[in-house]
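Reader: I have a model open on my screen and would like to understand the words used to describe it. Could you walk me through them?

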Amino acid sequence: METLQAICIALIQGITEFLPISSSAHIQFPSLLFGWKDQGLHFDVAVHAGSLVAVLLYFRRRLIALTIGTIEGLRQRRSNEELDLTAKLVIATIPVLIAGFLFRDIVAIVMRDLSIIVFATVFFGLLLGIADWRTHRLRRNGHIFDDTNPSYLVALGIGCAQIFALIPGTSRSGVTITAALLFGLGRTQAATFSFLLAIPVILGAFALTIYDLSRLDASFDILRFGIGFTVAALSAYLCIDFFLKIIERVGMWPFVAYRLVIGVLLGLMIWL
């Protein structure tokens, strides 16, 4: 893998990991345009590690408070806000872990079809637009979104929606934010819950890739690993910061429009 290729793919992975625009669709463009081969499992480990470090660093204060509050709540056997949120993140993670285990082979083989990626990119992009339009209408009518933790039922609903992220082109952050908005959460609250929910999911993907790698006799390229980790971590961190700062002002429709353009371009490239 050339250095430019490593930087380009890591940048795409880092940017699209947390923005609601589908990493699966974007990662196809270098392959289609330049004929680049798959980057390999070592590189997958690097970009997953970079993305995980980015979200852990960005929410470090929140996560430290969450950990301390959860331990304190368990020790005292009394619920508090942190323990409540931790329990809801666990509940929201369970559905995708079960689905990922049961349908892993199907996702890896059948759903890598580029036509499915195009359809998912467009369809779930439009669904995100509908959810954001509903949220905007509620705000215009005077509805005030609180900043409390979502209910257990809403957390479970968001977790079930996350199963669709197994379909390439859907976007994990996009589908969870869509579900959160439809369940009545505000934009910032929906995005924050989605990003916190990404931590166990990325950790699971990281562990699974490590397991796959342990069964192969693959050479380790420390330069490629370092580039993938560093570029993915920096780009993912900046994207989280960018997204949370502008989300209340611009809403989701710029990302919806972008998804539609990407879906059309990818469709033209594979069908023409």
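**Asking what the words mean**

Author: Gladly! This is a predicted model, and I94 is a good place to begin: with a relative accessibility of 42%, I94 counts as partly exposed.

Reader: Why is I94 called partly exposed?

Author: Buried means under 20% and exposed means over 50%, with partly exposed in between. The 42% of I94 lies between those cut-offs, so partly exposed is the right label. You will find I94 in helix α6, residues 81–109.

Reader: And F101, in helix α6: how do you know whether F101 is buried or exposed?

Author: Its relative accessibility is 69%. The cut-off for exposed is over 50%, so F101 counts as exposed.

Reader: What makes a nonpolar patch on the surface here, and which residues form it?

Author: The patch consists of V90, I94, I98, F101, L102, F103 and I106, which together have about 720 Å² of accessible area. A patch residue needs over 30% relative accessible area. I94 at 42% meets that cut-off, and F101 at 69% does too.

Reader: Now T192, in helix α10 (residues 187–214). Why is T192 called buried?

Author: Its relative accessible area is 13%. Buried means under 20%, so T192 qualifies. Leaving aside neighbours within four places in sequence, T192 is in contact with F59, R62 and L244.

Reader: Let's turn to α5, residues 60–76. How do you know that its span is close to the expected one?

Author: The 17 residues of α5 reach 24 Å from first C-alpha to last, and 24 Å is what 1.5 Å a residue leads us to expect.

Reader: What makes its buried residues line one face?

Author: The buried residues of α5 are L63, L66, G69, T70 and G73. Seen down the helix axis, they fall within an arc of 135°, so they line one face. As a general rule, an α-helix has 3.6 residues a turn, so residues three or four places apart point the same way. The face of α5 turned away from the buried side carries exposed R61, I64, I68, I71 and R75.

Reader: Which residues are buried in α12, and why are they said to be on the same side?

Author: They are F255, V256, R259, I262, G263, L266 and G267. Their arc around the axis is only 130°, which puts them on the same side of α12. Among the elements covering them are α2 (23–26), α3 (28–34), α7 (114–140) and α11 (222–250).

Conventions. Residues numbered from 1 in each chain as written. Predicted model: local features only at pLDDT ≥ 70, side-chain atom pairs only at ≥ 80, totals over all residues. Heavy atoms only, no water. Patch = residues over 30% accessible without salt bridge, like charges linked within 9 Å, V, L, I, M, F, W, Y side chains within 5 Å. Areas by Shrake-Rupley, 256 points an atom, 1.4 Å probe, with all protein chains shown as cover. Salt bridge = Lys/Arg side-chain N within 4 Å of Asp/Glu carboxyl O. Helix = DSSP H or I, 4+ residues; strand = E, 2+ residues; numbered from the N terminus. Buried < 20%, exposed > 50% of the residue type's maximum accessible area, 1.4 Å probe, protein only. Arc of directions from axis to C-beta. Contact = heavy atoms within 4.5 Å. Expected span 1.5 Å × (residues − 1).
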